[in-house]
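This report is a guided reading of one protein model for a student who is new to structural description. Please keep the structure in view while reading.

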Amino acid sequence: MTPEPKPIEEKLKAIDSGPEALPWLEELPPKQIVAELDRYIVGQGAAKKAVAIAIRNRWRRTQAPESIRDEILPNNIILIGPTGVGKTEIARRLARLSGAPFIKVEASKFTEVGYVGRDVESMVRDLVDAAVNMVRGEREDEVYPNAERRAEERLLDLLLPAPPKQRPKPERRPVAEQGERPADAEQQGAKQQLFVVSATGEVRRDEAGAPEAADDEERRARTREKLRKLLQDGKLEEREVEIEVTQQSMPGLELMPLTPGMEGTDINFTEMLQDMLPKRTKKRVVRVSEARRILVDEELRKLVDMDDVVNEALDRVENHGIIFVDELDKIAGERSQTGPDVSREGVQRDLLPIIEGSTVQTRYGYVRTDHVLFIAAGAFHVSKPSDLIPEMQGRFPIRAELSPLGEEEFVRIMTEPENSLIKQYQALVAAESADLTFTDDGVAEIARIAMIMNERTENIGARRLHTVMTTLLEDVLFELPDLPEKKIVFDIDQVRERLMRIVDDEDLRKYIL
């Protein structure tokens with residue numbers, strides 16, 4: 001019997017639970033991957049199935065024999081469907097759930113080599129940056145308790161500075177009497193310092209003031225522990241302390257404009273110049289809460305080995321990386337020799353080696369894209385997938401079509417997902433101590449009106465629900481702080497009263513819905 005899929009929140013909460021931590025998304029069976037996507041996306045079973053199989057194949061490849069592992073290439077997917085049916089939402093949810101390096105890019109933002117703009121290799125560089133940040137975050141989570149303890153000790157040193165070390169006073173040597181050697185005189189003086197008489201007449205040995213020093217240390221330790229308790233209880237957050245922070249060598253470098261076309265270069269000139277310049281520190285007076293954040297960051301940088309982070313990140317990119325290329329239809333079109341289509345075809349030609357597998361230079365080293373999974377999406381309203389150059393079509397062997405949404409899907413979209421529109425507006429209204437409720441017939445009427453608007457005007461899919469809900473709740477959200485009745489209920493009659501006038505009015509419909 002197949003076990004029930006565990007919510008991904010349990011996976012995220014179990015990151016720090018050691019050996020019981022749940023696996024990455026690609027280590028889950030395809031049915032569980034689809035179940036996770038079902039929590040946020042309504043319908044589109046074919047697209048979810050194709051994506052789940054492609055992601056699961058990433059894990060299957062790692063389990064294959066090493067002799068054939070490098071020969072197993074990912075099956076890139078292209079999602080085809082009208083706007084507003086869930087293509088981008090699938091990418092957004094994959095990014096949240098995957099646990100592997102993932103980025104989403106728009107194909108329309110890239111230009112052919114030689115044109116002003118970003119080259120296609122920048123998507124691989126962005127993927128590596130995302131992977132480095134991901135691995136560094138994981139390493140920081142592992143050592144965060146240790147960094148907090150070290151930062152706490154440094155804070156206590158700031159709150160209770162060590163007493164200044166006093167220079168020892170020169171001791172007077174006793175004068176040697178006639179016939180007495182200097183060594184005997186020193187020994188006699190030392191003996192005079194080793195014994196003291198108390199007020200009761202008791203003679204005790206004195207170790208050069210050791211009891212007083214021990215008492216001072218004991219009092220200091222007790223004071224430090226009291227401060228530690230107050231610090232842990234948050235009662236010293238507003239106290240100010242003076243700390244030393246590393247000053248930026250040349251703040252103006254961050255504001256220097258880059259030459260057009262160099263936004264994605266491999267070398268970060270700002271970082272290079274700052275590394276060449278000497279580090280300077282300055283003293284700042286900040287509150288304890290801010291000082292704790294600064295000190296924890298410094299300790300994390302000391303504890304995390306960046307060389308290990310970079311090596312792990314590069315390995316993840318090459319074996320588990322996923323790039324979602326949205327708006328692929330914007331670079332497709334009838335081939336011509338003039339106009340913007342030349343650049344469109346050039347972008348496709350530049351994408352070919354990246355998708356097929358090549359070596360890209362990044363600031364962290366060379367990265368092979370042979371096993372990076374590419375998922376493309378496009379509405380293809382104006383153009384068709386066949387308008388892509390044949391080589392590009394061959395790089396995406398799997399095509400999944402997303403079906404248009406109907407009235408029934410609109411009702412499910414507003415009620416079933418965990419982040420549904422109704423739940424979002426209920427959370428917003430709850431901030432004003434109000435209660436927002438939609439009856440079943442009211443939800444059905446909203447879906448019907450959204451469907452009518454899509455049929456009469458441009459079909460923008462589920463995005464129409466945002467415009468309808470915004471128009472419906474506009475007056476309520478504006479007058480909500482002053483409303484005497486905080487319980488708001490929308491049924492079919494109120495929905496029609498507020499929306500049908502706009503739906504029937506052609507001029508208003510153009511600008512409001």
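In this predicted model, the structure holds one cavity of 30 Å³ or more. The volume of the largest cavity is about 30 Å³. Its lining consists of Ile78, Pro385, Leu388, Met392, Gln393, Phe396 and Arg399.

Two of these names return in the description of strand 1. Ile78 stands opposite Arg399, a residue of strand 11, and both Ile78 and Arg399 line the largest cavity. Strand 1, which spans residues 77-80, is covered on both faces. Ile77 and Leu79 are buried on one side, while Ile78 and Ile80 are buried on the other. As a general rule, side chains in a regular strand alternate between the two faces of the sheet. Leu79 stands opposite Ala377 of strand 10. The two partners of strand 1 are set out below.

| Partner of strand 1 | Residues of partner | Direction | Bridges |
|---|---|---|---|
| Strand 10 | 373-378 | parallel | four |
| Strand 11 | 398-401 | parallel | four |

The open spaces of the model come next. The largest pocket contains about 610 Å³ of space. Its lining is made of 28 residues, and those nearest its centre are Gly84, Gly86, Glu89, Ala462 and His466. Helix 5, helix 15 and helix 17 each contribute at least two residues to this lining. Which helix supplies the largest share of the lining? Helix 5 does, with five residues.

Helix 5 (87-97) deserves a closer reading. Eight of its 11 residues are buried, and helix 5 is therefore largely enclosed by the rest of the structure. The buried residues are Lys87, Thr88, Glu89, Ile90, Ala91, Arg93, Leu94 and Leu97. Glu89 thus appears twice: it is buried in helix 5, and it is among the residues nearest the centre of the largest pocket. Just after helix 5, Gly99 adopts a positive phi of about 80°.

Another helix with buried residues is helix 14, formed by residues 407-415. Phe410, Ile413 and Met414 are buried there. These three residues lie on the same side of helix 14, because they cover an arc of only 95° around the axis. Helix 15 (421-430), helix 16 (440-456) and helix 17 (463-479) are included in what covers them. Helix 15 and helix 17 thus have a second role in this description, since each also supplies at least two residues to the lining of the largest pocket.

The chain may now be considered as a whole. The protein chain has 19 helices and 13 strands. Of its 513 residues, 38% are buried. Among contacts with a separation of 6 or more, 76% are between residues 24 or more positions apart.

Finally, confidence must be taken into account. The average pLDDT of the protein chain is 78, and 75% of the residues score at least 70. Where is confidence lowest, and where is it highest? Helix 1 (residues 8-13) has the lowest mean, 43, and strand 9 (residues 365-368) the highest, 92. Over residues 188-203 the pLDDT is below 50, and this stretch has 16 contacts in the model beyond near neighbours in sequence. Residues 251-266 also stay under 50, with 18 contacts beyond four places in sequence. Where pLDDT is low, the predicted coordinates should not be read in detail.

Terms used
Residues are numbered from 1 along each chain as its sequence is written. Side-chain values use heavy atoms; hydrogens and water are left out. pLDDT is the predictor's confidence in each residue, from 0 to 100. Contact means heavy atoms within 4.5 Å. Buried means under 20% relative accessible area, exposed over 50%, partly exposed in between (1.4 Å probe, protein chains only). The arc is that of the directions from the helix axis to the C-beta atoms. Two strands pair if DSSP finds at least two bridges between them. On a 1 Å grid over the protein atoms alone, a cavity is a set of points where a 1.4 Å probe fits but cannot get out, and a pocket is an open set with protein on both sides within 12 Å along at least five of seven lines; lining residues have an atom within 4 Å of a point. Grid points are joined across faces, edges and corners, and a volume is the space filled by probe spheres set on the points.
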